[in-house]
Amino acid sequence: MTGQTILTAINELQAVSHTGKVILVGSGPGDPDLLTIKALRLLQQAEVVVHDRLVSDEIIALIHPDAECFFVGKQAGYHCVPQSGINDLLVKLALQGKQVIRLKGGDPFIFGRGGEELEALLPFNIPFEVVPGITAASGCAAYAGIPLTHRDYTQGVQFITGHLKDDAHQLDWALLGKSTNTLVFYMGLTQSSGIASNLIEHGMDADMPVAIVEKGTSKQQRTLKGSLKDLGDLAAQAESPSLIIIGGVTQLASKLDWFSATLNTSA
């Protein structure tokens with residue numbers, strides 16, 4: 001075997017064993033116009049995309065037509081691919097030398113398990129990158145005409161998951177019940193009655209205004225408004241994905257709901 005042949009064989013071996021890269025990309029709450037420029041560029045150049053259920057069809061349509069796509073969507077009570085399987089898939093694809101776009105709804109670092117997936121890459125020394133997206137609380141509230149902070153109503157906002165990992169990670173209801181911040185619950189639709197009863201039990205006014213934004217930023221967006229004591233009944237009328245917003249700022253939706261007016265005009 002000549003020196004040149006040996007060099008070629010080594011180069012080919014290195015090419016096969018070259019580690020790829022994983023890029024966590026936030027797709028925002030659904031409207032493709034809310035993608036960042038960087039996210040759009042990566043999707044249009046994508047080689048491999050691993051995406052969730054909450055990524056809208058309009059955004060999926062922007063992926064490079066030759067890209068290999070893997071659907072790993074999850075919804076309440078059913079995971080077509082468990083989280084451990086998603087982690088393993090990202091590692092496997094990256095170790096094949098591929099640049100993997102891990103496409104998530106909203107922002108990957110806000111209730112998106114992005115941190116867990118990056119931790120799974122560390123033992124294999126797989127390089128990674130994060131492209132933030134507009135999180136559901138910001139995008140859906142803005143499209144519903146609900147400012148999450150307002151000097152006349154609240155000086156702060158809290159993002160809270162309504163889907164707890166286990167009984168050891170219970171929420172501090174005593175603190176939340178007395179909070180003067182806007183409270184935004186992700187993935188809380190099925191737990192809405194419990195959320196309301198716990199907040200009221202720990203000091204929050206039963207007449208506190210609330211809103212549920214269903215399918216926010218999409219053409220099917222709908223906002224249900226009422227009082228905290230009626231949250232369970234409101235949730236029974238809503239479909240997933242929905243976001244629960246609790247606080248006086250939700251009253252402003254009746255005046256500032258610009259998006260519904262846009263939909264009615266274009267209908």
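Which strands does helix H8 (residues 192–201) lie across, and at about what angle to S12 does H8 run? Helix H8 lies across S9 and S12, and H8 runs at about 10° to S12. The close-ups below start from this region; please keep in mind that the model is predicted.

**View A. An open sheet of 5 strands and the helices lying across it.** Reading across the sheet, the strand order is S8-S9-S12-S10-S11, and the pairing is mixed. Strand S8 (157–161) and strand S11 (222–227) are the edges, each pairing on one side only. From one strand to the next, the twist averages 20°. Helix H6 (residues 136–143) lies across S8, strand S9 (182–186), S10 and strand S12 (242–246). With respect to S12, H6 runs at about 80°, while the angle for H8 is about 10°.

**View B. The antiparallel pairing of S10 with the edge strand S11.** Strand S10 (residues 209–214) is joined to S11 over 6 bridges, in the antiparallel sense. To find your place in this ladder, look for Val210, whose bridge partner in S11 is Gly226.

**View C. A nonpolar patch on the surface.** Here Phe111, Val157, Phe159 and Met187 come together, with about 310 Å² of accessible area between them. Val157 belongs to strand S8, which is one of the two edge strands of View A. The relative accessible area of Val157 is 32%, so this residue counts as partly exposed.

**View D. Strand S2 and its parallel partners.** Strand S2 (residues 48–51) is joined by 4 bridges to strand S3 (residues 68–71), and the two run parallel. Another 4 bridges join S2 to strand S6 (residues 99–104), again in parallel. For landmarks, Val50 has Phe70 as its bridge partner in S3, and Val48 stands opposite Val100 in S6. In a regular strand, side chains alternate between the two faces of the sheet. In S2, Val48 and Val50 point one way, Val49 and His51 point the other way, and all are buried.

**View E. His51 and its surroundings.** Is this residue of strand S2 buried or exposed? His51 counts as buried because its relative accessibility is 10%, under the 20% cut-off. Leaving aside neighbours within four places in sequence, His51 is in contact with Ile60, Cys69, Phe70, Phe71, Val72, Gly73, Arg102 and Leu103. One of these, Arg102, is also part of a network of salt bridges with Asp52, Lys104 and Glu117.

**View F. Glu129 with two lysine partners.** The structure holds 10 salt bridges, and this view takes in two that involve Glu129. With Lys21, the closest N and O atoms are 2.9 Å apart. Lys21 sits in strand S1 (residues 21–26) and Glu129 in strand S7 (residues 128–131), so this pair ties together parts that are 108 residues apart in sequence. Glu129 also meets Lys38 in a salt bridge (2.5 Å, N to O). That pair links strand S7 to helix H2 (residues 37–44), 91 residues apart. Relative accessible areas are 26% for Lys21, 22% for Glu129 and 35% for Lys38.

**View G. A salt bridge between two loops.** The side chains of Lys229 and Asp207 meet here (2.4 Å, N to O). Lys229 is in the loop between S11 and helix H9 (231–236), and Asp207 is in the loop between H8 and S10, so the pair ties together parts 22 residues apart in sequence. Lys229 is partly exposed at 47% relative accessible area, and Asp207 is partly exposed at 46%.

Methods:
Residues are numbered from 1 along each chain as its sequence is written. This is a predicted model: local features need pLDDT of at least 70, side-chain atom pairs count only at pLDDT 80 or more; totals for chains, interfaces and linings use all residues. Side-chain values use heavy atoms; hydrogens and water are left out. Two strands pair if DSSP finds at least two bridges between them. Axes are lines fitted to C-alpha atoms, for helices over the stretch in contact, and angles run from 0 to 180 degrees between N-to-C directions. Contact means heavy atoms within 4.5 Å. Patches are made of residues with over 30% relative accessible area and no salt bridge: like charges are joined within 9 Å, nonpolar side chains (Val, Leu, Ile, Met, Phe, Trp, Tyr) within 5 Å. Accessible areas come from the Shrake-Rupley method with a 1.4 Å probe; for residues, only the protein chains shown count as cover. A salt bridge is a side-chain nitrogen of Lys or Arg within 4 Å of a carboxyl oxygen of Asp or Glu. Buried means under 20% relative accessible area, exposed over 50%, partly exposed in between (1.4 Å probe, protein chains only).
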